[in-house]
Amino acid sequence: MLSYPASIPLSTRSLNHVAALIRTHRHQRRSRWRRLDPGRQALLVLAHLRNGDTFARLAAGFEIGLATAWRYVHEAITLLAATTDDLHQAMSRIRRLAYAILDGTLIPIDRVYDQKPYYSGKHRRHGMNVQVIADPAGRLVWTSAALPGSAHDLTAARTHDIIAVLTGANVMTFADKAYQGASGSVRTPFKRHRYRPTLSRRQKAVNKAHARIRARGERAVATLKTWKVLTKLRCSPSRTTAIVQAILVLHHVENPTYRG
């Protein structure tokens, strides 16, 4: 098999962070020998998450077995996900924002045996629903755990208590029409109804201003999708949450604005 060197668009901060977690984990487990040292294992994980390299390509490139590559990546993702903040911890930073932007995205997955819960009628494909909170500049602040793709965005937000927590902290939040009926501190655009087919001039102006603000939240979703592993997950859907949380931790390592 031919091989070639490739670059990963990340700084050494991410490499050192992952390597430190792996080194501490090995020390706690008293691991005496591994095929790869912590730095090489960290590089392996970053290549998988950022570049979306498959386990077969990683195994060949790092000259290890396929099972070993899977085990090393799985181990590091679990370590990273364990350090992520939940919503209540993230609120210490979110409540300092002028306002927040809430949006949902679908992480595509392979079709599975029990595929019905994972099929999104909106996107017409199978996937996992992830809720994203962004700041007024469109920077990624927090992501939720993943739910099956058939879950509606409003249902997902209520399941994760996002609306209740944001309302309790009195954080003005802008969201799209999928969150109609959220109430609290969540603001959604005006929607035409059956017996009110047209919107007034004022309502159209409000919707236009709302769209300009909410569009910045798409940057956070785009930032999340720059991690190529999320282009299409080829693993158990139950691993989606850990992968997204690991990516969120690495994103904050690269962009420490909302870390700590």
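**Entry 1: E63**

I began with E63, whose relative accessibility of 65% counts as exposed, because the cut-off for that class is over 50% relative accessible area. Looking up where E63 sits, I found it in the loop that runs between α3 (55-62) and α4 (66-81). I note here that the model is a predicted one, and I read every entry below with that in mind. The backbone of E63 then caught my attention, since its phi is near 60°, a positive value in a residue other than glycine. I recorded this since most residues other than glycine have a negative phi.

**Entry 2: R124**

I next turned to R124, where I again found a positive phi in a residue other than glycine, this time near 55°. R124 belongs to the loop between β2 (119-120) and β3 (125-134). When I checked its cover, I found R124 exposed, with a relative accessible area of 69%.

**Entry 3: R192 and the charged patch**

Which residues gather in a patch of positive charge on the surface? I listed K177, K191, R192, R201 and K204 as the residues of this patch, and I picked R192 out of the list for a further look. I placed R192 in the loop between β7 (186-187) and α8 (201-214), and I noted that its relative accessibility of 58% makes R192 count as exposed.

**Entry 4: G104**

Is G104 buried or exposed? I found G104 buried, because its relative accessibility is 17% and the class takes values under 20%. This glycine lies in strand β1, which covers residues 100-108. I also looked up its distance to N129, and found that the C-alpha atoms of G104 and N129 are separated by 6.8 Å, although the two residues are 25 apart along the chain.

**Entry 5: the whole protein**

I closed with the protein as a whole, in which I count 10 helices and 7 strands. Of its 260 residues, 47% count as buried, and G104, at 17% relative accessibility, is one that counts as buried. Along the principal axes, I read the span of the C-alpha trace as about 70 × 40 × 30 Å. How does the radius of gyration stand against what a compact globule with 260 residues would have? For a compact globule with that number of residues I would expect a value near 18 Å, and the 20 Å of the protein agrees with this.

Notes
Residues numbered from 1 in each chain as written. Predicted model: local features only at pLDDT ≥ 70, side-chain atom pairs only at ≥ 80, totals over all residues. Heavy atoms only, no water. Patch = residues over 30% accessible without salt bridge, like charges linked within 9 Å, V, L, I, M, F, W, Y side chains within 5 Å. Areas by Shrake-Rupley, 256 points an atom, 1.4 Å probe, with all protein chains shown as cover. Salt bridge = Lys/Arg side-chain N within 4 Å of Asp/Glu carboxyl O. Lys, Arg positive; Asp, Glu negative; His and termini not counted. Charge placed at Lys NZ, Arg CZ, Asp CG, Glu CD. Helix = DSSP H or I, 4+ residues; strand = E, 2+ residues; numbered from the N terminus. Buried < 20%, exposed > 50% of the residue type's maximum accessible area, 1.4 Å probe, protein only. Rg over C-alpha atoms; globule rule 2.2 N^0.38 Å.
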